[in-house]
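Here is a short tour of one structure, written for the bench. Have a look at the sequence and the model first, and then we will walk through a hairpin, a metal site, a ligand and some cysteines.

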Amino acid sequence: MKIRSDDLLLIIDVQNDFCPGGALAVADGDAVVPVINRLATQFDHVVLTQDWHPVGHGSFASSHPGAAPFSSVTMPYGPQTLWPDHCIQGTSGAAFHPQLVTDKAELVIRKGFRGAIDSYSAFFENDRATPTGLAGYLRERGLKRVVMAGLATDYCVNYSALDARRLGFETAVVMAGCRAIDLQGSLAVATEGMRAAGVTLLDDIA
Ligand code: VGL
Ligand code: ZN
């Protein structure tokens with residue numbers, strides 16, 4: 001893929017809690033950092049997302065008495081996987097990985113900050129209707145294609161890629177810069193779903 005000046009590199013949730021030692025650690029999650037740092041030097045426009053939950057967030061198993069992490073409940077907006085407490089606003093777990101080069105980022109989109117609704121996608125919360133504002137930002141800036149990488153492939157990257165397609169953006173995911181949670185085959189389901197939606201899955205960008 002040849003990078004264009006109207007491309008956006010969207011870096012999803014490269015935060016301490018999703019890296020080894022973190023509260024919701026993704027296996028090998030920190031391996032995305034050098035890949036993404038290199039990608040960031042290749043693009044003209046970079047945006048970061050940051051999972052940013054209040055204490056007692058509705059997606060935390062600890063907010064549902066008797067519920068185990070990684071089980072599922074039905075929320076008013078549909079099914080919701082329950083997670084260990086993670087990415088709590090202002091904590092070191094919510095901070096970007098210390099080696100992630102963030103200086104070039106033009107915007108940081110924080111998501112999941114409403115207590116009653118989770119937000120995997122960089123574009124819409126989990127009701128698939130409440131916007132984060134990122135689509136308007138892209139349109140106003142004249143950015144036409146979204147290239148993404150980060151954590152986790154099967155949750156926040158997947159939902160962001162599907163929404164980018166739904167909004168009409170050309171969309172690619174750089175797999176070398178992603179790692180997955182892979183709950184019960186969720187990685188295979190996600191990659192199939194992204195392909196079916198017209199997302200270009202790239203190994204890497206040379
Ligand atoms: C994520 C689960 C909960 C992600 C965020 O960044 O993929 N996954 N919150
Ligand atoms: Zn979260």
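Two strands pair if DSSP finds at least two bridges between them. Strands themselves are DSSP runs of E with at least two residues, numbered from the N terminus, while helices are runs of H or I with at least four. This is a predicted model, in which local features need pLDDT of at least 70, side-chain atom pairs count only at pLDDT 80 or more, and totals for chains, interfaces and linings use all residues. Residues are numbered from 1 along each chain as its sequence is written, chains are lettered from A and ligands numbered from 1 in the order in which they are written, and side-chain values use heavy atoms, with hydrogens and water left out.

Let us start with the hairpin. Strands S3 (residues 72-75) and S4 (residues 78-81) pair in the antiparallel sense, over 4 bridges. The hairpin that joins S3 to S4 runs through 2 residues, and Ser-72 stands opposite Thr-81 in S4.

Next comes the metal. Which residues are the protein donors of the zinc ion (ligand 2)? They are Asp-51 (OD), His-53 (NE2) and His-86 (NE2), lying 2.0 to 2.2 Å from the ion. Donors are N, O and S atoms within 2.8 Å of the metal (3.2 Å for Na, K and Ca); water is not among the atoms, so sites may look incomplete. The spacing of the donor residues in sequence is D-x1-H-x32-H. Asp-51 belongs to strand S2 (residues 46-51) and His-86 to the loop between S4 and strand S5 (107-111), so the pair ties together parts that are 35 residues apart in sequence. Both Asp-51 and His-86 are buried, a word that means under 20% relative accessible area (exposed is over 50%, partly exposed in between; 1.4 Å probe, protein chains only).

Asp-51 and His-86 also appear among the residues around ligand 1, together with others including Trp-83, Leu-151 and Cys-156; here a residue counts as near if one of its heavy atoms lies within 4 Å. The table gives polar contacts of ligand 1, that is, pairs of N or O atoms within 3.5 Å.

| Residue and atom | Ligand 1 atom | Distance |
|---|---|---|
| His-86, polar side-chain atom | nitrogen | 3.1 Å |
| Leu-151, polar backbone atom | oxygen | 3.2 Å |
| Cys-156, polar backbone atom | oxygen | 3.1 Å |

Finally, how many disulfides does a search of the whole structure find? The search finds 0, where a disulfide is a pair of cysteine sulfur atoms within 2.5 Å. The closest cysteine sulfur to that of Cys-19 is in Cys-87, 9.6 Å away and therefore too far for a bond. Cys-87 is in no disulfide, with the nearest cysteine sulfur, that of Cys-156, 8.7 Å away. Cys-19 is buried at a relative accessible area of 3%, and Cys-87 is buried at 0%.

Key
Polar contact = N/O pair within 3.5 Å; in protein donor to acceptor, adjacent residues only side chain to side chain.
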